[in-house]
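I opened this structure to see which parts are buried and what they pack against. My notes follow.

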Amino acid sequence: MMCPSTDPIGSGFVKSLAHPGGNITGVANMYGDAIGKSVELLHALLPDAKRIAVLMSSNPTHPQQYELAETALKSLGLATVRVLALTPADLERAFDRMEQEKCDALFVLADPIRPSIVSLAAKIRIPAIFQYFSYVEMGGLASYGASLTEMFVKAAQYVDKIFKGTDPAELPVEQPVVFELALNLKTAAALGLTIPDSVMARADKVIE
């Protein structure tokens, strides 16, 4: 049971979303599909930002996700700075590099949550955009992505079906239908940023 998986086909977990074909099924998160909109959010929030750090880890999906982010950023005329932190222990060094590269903003690729990213971003005063709402609750500036709560609910329903005898091969991989844009106004104020009305109007969750 996977919940969630960024690239279930590319990772070799299933043959197709509609027909998994083995003993694995679950929920895909579609974070790759949402990267374009995440980048649009970053640009709308930070129209003067020109050099964007993209934070990666040892996650095997990150090279492909980075390419998607780079393409989206380049389409807006923005420069991309690839910043690698293989483990949480490498994060301080990664943020030092962002400072050295004079990055104007940070885009964090979806990964297991690393709370220190929020405090390190605050330390160097770099606006950070995430794909998980949890980061915004912790003090990140903004996020856009599929609702983890909705995905976990769907996963629980699938576990129930499998325990009752349904063959995983017969359960199509679910894709999220609920995507959330979240903003942290406290963080925006601390960074001296004004959230555009157009972005505020689209927000699903706002921390004041």
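**Helix H2**

I looked up the buried residues of H2 first and found His62, Gln65, Tyr66, Ala69, Ala72 and Leu73. They lie on the same side of H2, because their arc around the axis is only 130°. I note that this is a predicted model.

I then turned to the opposite face. Thr71, Lys74 and Ser75 are exposed there, on the face of H2 turned away from its buried side.

I checked the length of H2 as well. Its 14 residues should span 20 Å at 1.5 Å a residue, and the end C-alpha atoms are 20 Å apart, so the two agree. Gly77 follows H2 and has a positive phi, near 80°.

**Nonpolar cores**

Which residues touch the most other members of the largest nonpolar core? I found Leu41, Leu45, Ile52, Phe107, Ile129 and Leu183, out of 29 residues in that core. At least two residues of this core come from each of H1 (31-45), E3 (51-56), H2 (62-75), E5 (105-108), E7 (142-146) and E8 (179-184). H1 gives the largest share, 6 residues.

I looked up the contacts of Ile129, leaving out residues up to four places away in sequence: Ile129 touches Ser38, Leu41, Leu42, Leu45, Leu106, Phe107, Val108, Leu141 and Ala142. Another core, of 24 residues, lies apart from the largest one and includes Val81, Met98, Phe130 and Tyr135.

**Helix H4**

In H4 (residues 116-123) I found Ile117, Val118, Leu120 and Ala121 buried. The buried residues of H4 pack against E3, H3 (91-100), E5, E6 (128-130) and H5 (133-138). Arg125, just after H4, has a positive phi of about 55°.

Methods: Residues are numbered from 1 along each chain as its sequence is written. This is a predicted model: local features need pLDDT of at least 70, side-chain atom pairs count only at pLDDT 80 or more; totals for chains, interfaces and linings use all residues. Side-chain values use heavy atoms; hydrogens and water are left out. A nonpolar core is a set of buried Ala, Val, Leu, Ile, Met, Phe, Trp, Tyr and Cys residues joined through side-chain atoms within 4.5 Å. Buried means under 20% relative accessible area, exposed over 50%, partly exposed in between (1.4 Å probe, protein chains only). Helices (H or I, at least four residues) and strands (E, at least two) are DSSP runs, numbered from the N terminus. Contact means heavy atoms within 4.5 Å. The expected span of a helix is 1.5 Å times one less than its number of residues. The arc is that of the directions from the helix axis to the C-beta atoms.
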